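Biologist: Before we discuss particular contacts, could you put the model on the screen and take me through it step by step?

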Amino acid sequence: MQANASLLSFLTVLEGETEHVFFLYLKELMELAPPKGIHWYDQKGAKNTAGFLWEEKRVKQWLLIGQDNDMKNIFHELIDRQSYIAKKDNCPDARFSMHPLLPVLTEKDVMQVEGIPVYSRSRQPVLYRRTAFDPSVTFLLDERTNCQFISGYKKHEYIRPVTPAGLFEDDVLYNYLKEKISAAFVPRDIFCDFSRKKDSVSGGKKLRGIVQMDQLFRSAHTIEIRDNNGIATIGTTTIDTIKGTWEIPLPDDDAGIGQLLIKEDTTETVKYAQRYVILNNLNIQTSVASGFVDLFGREMMVSEKETELPVISSELWSIEAAPDANQAAIELSDKMHRVLRTLGKHVCISDPYFLSPLIEKDKKIKLASKSQQVFLNALLIMIVQSGVRTLVIQGFHNNTGKHDGIKVEELSKQYKLLWQLIQQTHKNSPGFKLEKLELVKTGKKFHDRHWLSNDPANEIVYEISNSVNGSFENGQWSVKKLDDIHAVKVRSLIQTAYSQGLKTNLML
Amino acid sequence: MTSIKVKYISRKTILFIGSIAQAEAIDLNILESIEKAKALPRGWIIKISMGHKRRPAMTGRTMYIACKLRNPQKRYQAFVDLCGQSLKTRHTAAGAGNILLLLYAVGFVSDDSRIKGLEHIITFIKGSTYQLMTRTFIESFNRYFDNEKGAGELNENSFNFFDKIAFRQQYAEDYDHPVQLLRLLFSMKRKIAATLENIALINPIPKMAIAEFGFPVNTNQKKFNAYLENNRDQIALWGHCFIDTHGKQYPFIKKKSIELFIHDWANTGKYIFYRIYRNPSFLKNEGGIKKQLPSLFNNFLFPQFFEAGVENEILKNVQFKADLSSIGGWMCTLKRGKADWVLNESSVELLASMLSGHLETMAVDMPDYISDHKDRYITWLDNMHYNETQYALQLLTISMLFCNNKTWKCLEKNFKSLCFQIKLFYYGGFMPSHIATNFANHLTCLLVNISGISDENAHEIDRLISLSGYFANIIGYPWVTITERQPMVWDAINCKSNDAFAELEFIIKKLQLAGPVQRRAIAPLYEAIAVYQTVPWPVH
């Protein structure tokens with residue numbers, strides 16, 4: 001019996017009386033279609049109504065299963081006509097709308113690249129793209145955590161995951177929406193598995209595998225093994241129609257790397273292709289990891305290996321995008337951390353208000369605001385993850401009403417607490433390599449906030465929208481990488497201010 | 001005091017020792033105090049112990065005294081003499097404690113010399129003062145350890161609680177830690193200090209720090225049993241000490257005490273039970289009274305499981321994986337030669353209710369396994385290659401088939417719901433589909449583990465046909481097509497046994513070996529395989 005069922009899922013945002021579909025997902029299943037035709041799941045369209053996944057954002061999921069063709073028809077109707085009306089007896093109609101989409105041409109489609117040396121898997125998802133980003137789901141665009149809540153890979157008390165949780169692979173929704181992809185069709189693939197064995201008769205090596213298809217398919221197709229470049233044929237064989245198994249002897253010097261093709265006998269069409277590597281000697285790189293608890297109570301792992309993240313051209317955070325205030329704070333902190341991680345091992349934070357006042361209570365820092373918690377958390381994680389060697393904090397006045405500036409002694413006393421906090425958090429961490437923590441009070445006032453790398457090989461300068469103390473409370477925060485000319489100008493200003501400023505070594 | 005002149009000892013030291021001997025409170029940071037007062041004898045220096053990274057519960061640092069000058073032994077002896085003279089003159093209980101703490105911290109003489117010094121000093125302390133000093137030490141150490149950091153959930157007087165603390169504490173407090181002075185005080189005057197009452201007064205963390213090296217208790221079998229009977233809250237502690245002896249013997253723990261441990265099932269007995277029956281080699285390395293543990297557990301458990309009309313108390317509150325695996329382990333030891341023991345009604349009903357409830361929880365929790373909110377690896381029984389797991393499974397299958405109709409209806413409903421949930425998860429990405437496969441295999445294990453049924457079990461066969469029918473109708477197709485992708489199915493001859501596929505191996509073996517009655521009882525499963533398979537399954 002051949003699988004013939006497909007699952008169709010609409011993710012929608014309720015707009016007036018219409019459900020605006022922002023992500024359409026059709027998947028061919030290893031399943032038999034329900035005998036009574038299309039089945040809409042309970043609370044997912046069964047009575048033309050669906051419950052909210054995320055009530056505040058009006059997000060719903062509609063889910064139905066049926067014969068492959070029936071599901072494809074609905075899928076294409078939505079894409080072609082940009083609308084679909086679900087009709088059921090004794091139920092009000094459910095109306096769906098969708099923006100125009102264009103199919104994405106994939107170069108990896110094996111059906112079109114026969115003869116090209118490297119094959120990929122045979123059946124890639126068929127994707128459809130919008131011409132512009134969908135403004136109705138800004139809370140999901142470039143918001144990985146929110147997409148994980150919806151996809152089911154993370155849990156949130158106010159957000160229900162799609163059914164079934166994990167319907168989309170992790171990050172699929174996040175990546176697709178970021179690429180403006182609003183519809184995906186995942187076709188049923190041919191299942192083929194194999195491994196290298198020792199031939200008990202000849203003593204040589206062989207590949208032994210299976211093709212999980214019906215007998216008709218097996219009798220009409222041949223297996224071909226090519227070398228790594230896809231040029232020379234190593235062997236061909238037929239498939240055992242009953243068992244689905246096949247075997248191909250390999251040369252003695254087989255490197256364990258090559259390509260496997262399933263070809264139709266009559267037309268020579270490649271129906272399936274896979275590049276394979278059989279692991280001979282595993283070299284596993286080990287690096288010791290240790291952990292610490294961050295300011296949000298999360299267990300963070302730190303590897304001995306220092307890693308830098310790719311440079312970010314811009315980043316935006318809005319409190320509106322997150323499901324609750326705590327999650328919003330975590331998101332902001334993680335975004336700040338990602339930006340800081342691109343700065344390398346020598347970092348300068350130039351902010352007229354420094355890191356806002358540090359308050360001491362019982363010889364420990366008492367965080368002045370949520371914003372401070374958010375920033376300090378990002379800073380603490382960055383110090384060990386990037387293996388930061390020098391950190392310079394440059395400012396002019398402390399926003400405590402003393403707008404003519406603050407005495408250096410008072411400031412140093414406050415900021416020694418920061419060194420204490422860093423030590424407490426990371427004293428046992430292998431990634432902790434901070435050699436210099438310097439506080440610089442500039443001679444002149446300045447206004448703009450910048451984060452920059454002090455590494456000569458890394459000329460990044462970011463412009464930051466808010467001071468540390470205002471980022472979270474203002475509800476918006478953004479960062480922009482300066483272009484080369486502006487970066488040189490700003491760096492020059494900051495370096496002049498640094499050289500003329502009063503410096504304090506906080507590590508003493 | 002000022003008139004004393006001792007070689008190697010300065011006047012400041014003499015004054016300091018004189019003052020601390022009359023202190024009203026024990027100063028656990030006495031080394032810091034003596035250093036601050038600049039009263040250390042010449043050449044003596046305070047050093048901070050290497051210190052283990054994991055010292056979650058300590059509020060201060062551990063230090064010791066070093067000396068690099070010549071004649072360390074003489075210098076030490078001079079100091080001991082000075083301390084002795086101070087105590088002889090006048091001292092309080094806390095003051096005597098302070099002096100002992102100082103002497104205990106001396107790290108530049110041999111352990112023997114140090115202990116001799118301490119023994120010499122305590123000859124100056126009267127019995128009543130010694131008793132008071134011991135209590136004062138207990139109070140001080142109770143304050144010194146930060147219980148919240150070290151123990152988490154406090155006031156939980158169970159074996160498990162002490163076990164958690166012992167695990168966190170191991171290697172954290174070394175032999176030289178001042179808390180071990182308390183153990184020394186117990187052992188030096190057992191009769192007046194090492195009483196069970198005193199031990200009960202110590203907070204869990206310092207208590208477990210001492211327990212690691214053994215309690216030098218002054219008691220006998222009769223007194224100990226009487227104490228436990230009157231102080232039932234102490235049973236868990238002593239149960240833990242009994243199992244985790246670290247080579248220390250407690251000769252007063254005999255059969256009667258062990259029975260008390262076992263009968264305190266929820267707090268003590270079941271944890272000892274886990275130790276023995278989840279780790280079959282546990283008793284192999286043990287001798288003495290511990291060898292009697294299996295027979296004592298048999299005496300307690302056997303009637304509850306097998307005597308008609310007896311209520312099974314231990315199954316009333318169980319953890320699916322931990323309890324069932326241990327019970328399975330215990331059944332393994334019983335099995336030989338007594339194959340016809342029959343579970344009593346109470347056990348069958350309780351097991352069936354537990355299974356039913358667990359199936360319901362599994363269905364509800366499935367999304368949480370994707371978000372890693374719950375651990376899917378502890379949802380079901382252990383590896384099916386283990387005998388104890390197979391016995392535990394046998395218990396579940398028997399309970400499922402023989403429970404009363406009311407429990408059966410509930411179980412049937414939950415089995416069906418779980419099948420529907422699994423079906424949906426087969427449609428997901430890699431992880432949900434993987435979980436669906438695992439869960440479907442768990443259910444299949446329940447269905448195929450029926451070697452004992454015969455034609456006489458018509459009622460039970462009906463139940464099996466019903467369950468396997470639900471299974472085949474709801475998830476038969478995805479289960480067959482996804483499962484047969486494993487080499488265990490399509491390449492059975494070449495495939496070696498593998499722990500990762502122990503459950504599938506068990507299923508195939510059971511399907512292969514099933515007799516005609518068994519095949520009839522789960523006919524829908526065989527039919528599903530026959531109809532949906534694309535490769536021949538090795539089950540015929």
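Biologist: How much area do chain B and chain A bury between them?
Modeller: This is a predicted model, and the values are computed from its atoms. The contact takes 30 residues from chain B and 36 residues from chain A. Carbon and sulfur atoms carry 58% of the buried area, and Tyr427(B), Tyr477(B) and Trp490(B) supply 27% of the area that chain B buries against chain A, more than any other three residues. Between them, the two chains bury about 2700 Å².

Biologist: Which residue of chain A forms a salt bridge with Asp368(B)?
Modeller: Between chain B and chain A there are 3 salt bridges, and 15 residue pairs are in polar contact. In the salt bridge of Asp368(B), the closest N and O atoms are 2.8 Å apart, within the 4 Å that the criterion allows. The partner is Lys155(A).

Biologist: Which helix gives the largest share of the side of chain B that touches chain A?
Modeller: Several helices of chain B each supply at least two residues of that side, among them helix 19 (345-370) and helix 21 (405-426). By class, the side has 17 nonpolar, 7 polar and 6 charged residues. The largest share, 5 residues, comes from helix 23 of chain B.

Biologist: Which strands stand at the edges of the open sheet of order 11-12-15 in chain A?
Modeller: The pairing in this sheet of 3 strands is antiparallel, and strand 12 (residues 205-212) pairs with strand 15 over 6 bridges, with Ile210(A) opposite Thr245(A). Each edge strand has a single partner strand, so one side of each is left without a neighbour in the sheet; these are strand 11 (191-198) and strand 15 (245-250).

Methods: Residues are numbered from 1 along each chain as its sequence is written. Chains are lettered from A and ligands numbered from 1 in the order in which they are written. This is a predicted model: local features need pLDDT of at least 70, side-chain atom pairs count only at pLDDT 80 or more; totals for chains, interfaces and linings use all residues. Side-chain values use heavy atoms; hydrogens and water are left out. Two strands pair if DSSP finds at least two bridges between them. Helices (H or I, at least four residues) and strands (E, at least two) are DSSP runs, numbered from the N terminus. Contact means heavy atoms within 4.5 Å. Buried area is the accessible area (1.4 Å probe) that two parts lose on being put together, summed over both. A salt bridge is a side-chain nitrogen of Lys or Arg within 4 Å of a carboxyl oxygen of Asp or Glu. A polar contact is a pair of N or O atoms within 3.5 Å; within protein, one must be able to donate a hydrogen and the other to accept it, and residues adjacent in sequence count only if both atoms are side-chain atoms. Ala, Val, Leu, Ile, Met, Phe, Trp, Tyr, Cys and Pro count as nonpolar, Asp, Glu, Lys and Arg as charged, and the others, Gly among them, as polar.
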